[in-house]
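Welcome, and please open your viewer. We will go from one selection to the next, with a short note at each stop on what to look for.

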Amino acid sequence: MSKKRSILNVAVSIFFKVALLVGNLLVRRYLIRFIGNDVNGLNALYLSIIGMLSVVELGIGNAIIYCMYKPIVTGDTGKVLSLYKLFKKIYLVIGGIIVIAGFALMPFLPYLAKGYADIDVNLYLTFGIMLLSVVITYFFSAQTSLMNAYEDNYVSTTITSCGQLLQYVLQIVVLFITKSFIWYLVCRIVAALVQWVLSSIVVKKRYPSVFESTSKSIDGDTKNEIVKNVKAMFMHRIGGVLVNTIDSIIISAFIGVTILGKYSNYITIMTAMTGTITLFFTPLTATIGRLFIKDREDFKKYYNFFYALNFALGCIFFLGYYGTIDDLIVLFFGAGLEVEKSISFVITVNYFIQFMRQATLLFKDASGIFYYDRWKPIFEGLSNLVLSILFVLFFQKVFNDDLAVVGVIVATIITNLTICHIVEPHVLHKYAFQISAKKYYLRNYLYMISFVIVLVVLNFCMVHFDNKLVELLVNGCIAVGLSIVPIFCLIVRDKDFRYYAKSVLKRKRQ
C-alpha cells in the first residue's frame, strides 16, 4: 500500500470534513434563524428528491475508475485518456437526463411537501435552482474521478471542499443581507461553477502525460467489464436511493416539512460525523484496489484490521453522538427544535449499523466485485420502501407524528440487519477472499448487540443540568468513558488488530 499517500488523503479529508461540518452547522443555524425551520425542512426535501434522481448516474463512475487502476499501474496513459473521455461524455448526458427528470417531477412537489402552503416560498423556482446547482457538479465529475484514480484524493477533496466553504460563506452573507431562500440557493450555483473551473485547470496541469498521449480505442474485454459493472452498480444506485433518500421524502409527505426540518438537523450532524469517520476508509479505495491486483494475501490481512478499526471508531463516535446530540441541537439551532429521545436513539442505532458496513464496502468496492450482489440493493430498497410506509402509518395511528418518524427509521434498521449485513460480507468473502463468511457473521452481530447494550446503559447514565454546555461536556465524557468497555474487549480478543495497530505505531515513530 502507498502508505504516505493514503495518510495524506485521509488527513486532508478529515481536516476539510471538520471545516465543512462547522460551516454547514453555521449555515443551517442562520437559515433557521432568518427564514425558519419549515424552509429548512423544504431544503432537506429538495436534496432528497434530487438524490433520488441521481439514480440515472448508473454507477458508471465507480465502474470506470476501477478499470483505470490497471492502466495506471502499468503506465498505459492512452487507455487512461480513453476511459476519461468516455466518462466525460457519459456524464454530460447524465446531467441532461437529470434536468429533464427534475422538471417532469415538479408538478408533484406540492404532494411531497406536506404543509408547504404555510411557507412563503415558490416551490418550482427554488427547486429548479437547486436542481441546476447539483447538475453542474456532473460536468466536472470526470476530472474528480481521474484525480481519485491516481490516489490524489487530497487534491480533489481540497477543490470540492474549498468550493463548498465558499458556498457557505456566500450563503451566510446572503442570509444576513437578503433573508431570501432564492439567493441562498443561487450561492450553490456560484460555488459549483468555481469547482468546475478549478478541477479543469488542475487535471490538465497535474496529468500532462495523460492528455498528451494518444487516445486508444477501448478493447472488448474492458468494454465488457465496464458494461458488466455498470449493470451491477445501477442496481446498487437504485437500492441506495430507496434507502438513503426515501426516508426524508416519506417523512415530508406523510408527516410534514416541519418535523422533517427537526429530523434533518439531527441527520445533518449525524451525516457530517459519519462522513468524517468514513474518511478513514474512503480515500484508501484506490490504494486497496491496487493491492488487490498486486497481492491478494495482504489484501485479506488488512481487512480484519480495518473491520476492527471500524467497530472501535463506531463505538466512540456514535456513543458520543447520542450523549451530546440534544444539547448540540439547542446550542447550534435553538431551543424547541429537539425531537423525542426515542428518535435520537433509533437514529444512533441505525447509523451505527450502517457504519459497521464500511470496511466490507471498502474492500468490496476496491476489488471491483459489484456484479455478484447486484440484486441485493433492489430487494433492500423495495423492502425499505414498503416497510417505511407501513411503519409510518402504524406509528402515526398508534402514537403521534413525532414518533411516526421512529417507524421510518426502524424499517431501515430491519433491512440493514437482514439484507445488507448478510449479502455484502458473503460476496466479499466468497469472491474476493474465497472463504466462508460464517465466522464473520457471528462476530459482526455480537459486536452490534454489544453496542446497543452499551447505548442503553448510556441512556440511564446521562445527567441533566440547566447549563446545556456543561451538560454536553459531562455526557460526552460519560459516553467516551463507556466506549472504552467494548473497545477494550475488542483489543483483548483480536490479536490481528493488536498486531497491525502495533506495526502502524512503529512506522509512525520511525
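A contact here means heavy atoms within 4.5 Å. With that in hand, take the protein as a whole: among contacts between residues at least 6 apart in sequence, 85% join residues at least 24 apart. Keep in mind that this is a predicted model.

**Stop 1: the whole chain.** Switch to a cartoon view. You should find 22 helices and zero strands. Colour by accessibility next: of the 510 residues in the protein, 56% are buried. A surface view shows the outside, where the protein exposes about 22,100 Å², with 66% of that supplied by carbon and sulfur atoms.

**Stop 2: aromatic pairs.** Now show the side chains of the aromatic residues. The whole structure holds 28 aromatic pairs. Start with Phe 311 and Tyr 447: their ring centres are 4.4 Å apart and their planes meet at 25°, so this pair is stacked, planes under 30 degrees apart being the cut-off for that label. Follow the backbone from each ring and you reach distant parts of the chain, since Phe 311 belongs to helix 15 (residues 296-333) and Tyr 447 to helix 20 (residues 438-461), 136 residues apart. Are these two rings buried or exposed? Phe 311 has a relative accessibility of 1% and counts as buried; Tyr 447, at 8%, counts as buried too.

Move along to Phe 318 and Phe 352. Here the ring centres are 5.8 Å apart and the planes stand at 80°, so the pair is edge-to-face. Phe 318 lies in helix 15 and Phe 352 in helix 16 (residues 341-355), so the pair ties together parts that are 34 residues apart in sequence. Both Phe 318 and Phe 352 are buried.

To see these four rings in their wider setting, select Tyr 303, Phe 306, Tyr 307, Phe 311, Phe 318, Phe 352, Phe 355, Phe 363, Tyr 440, Tyr 441, Tyr 447 and Phe 451, which form one aromatic cluster.

**Stop 3: charges over rings.** Select Lys 341 and Tyr 322. The charged end of Lys 341 sits over the ring of Tyr 322, 4.4 Å from the ring centre. Then try Lys 204 with Phe 211: Lys 204 lies over the face of Phe 211, at 5.5 Å from the centre of the ring.

**Stop 4: a buried threonine.** Which residues does Thr 412 touch? Leaving out residues up to four places away in sequence, Thr 412 touches Val 243, Asp 247, Asn 350, Gln 354 and Asn 384. Thr 412 itself is in helix 19 (residues 401-433) and is buried, with a relative accessible area of 1%.

**Stop 5: a loop with a positive phi.** Go to the loop between helix 8 (153-177) and helix 9 (181-206), where you will find Lys 179. Most residues other than glycine have a negative phi. At Lys 179, however, phi is near 55°, a positive value. Lys 179 has a relative accessibility of 45% and counts as partly exposed.

**Stop 6: the cysteines.** How many disulfides are there? The count comes to zero, the cut-off being cysteine sulfur atoms within 2.5 Å. Two cysteines to click on are Cys 162, partly exposed with a relative accessible area of 36%, and Cys 461, also partly exposed, at 35%.

Technical notes
Residues numbered from 1 in each chain as written. Predicted model: local features only at pLDDT ≥ 70, side-chain atom pairs only at ≥ 80, totals over all residues. Heavy atoms only, no water. Phe/Tyr/Trp six-rings, centres within 6.5 Å; stacked < 30°, edge-to-face > 60°. Helix = DSSP H or I, 4+ residues; strand = E, 2+ residues; numbered from the N terminus. Buried < 20%, exposed > 50% of the residue type's maximum accessible area, 1.4 Å probe, protein only. Lys NZ or Arg CZ within 6 Å of the ring centre and 35° of its normal. Areas by Shrake-Rupley, 256 points an atom, 1.4 Å probe, with all protein chains shown as cover.
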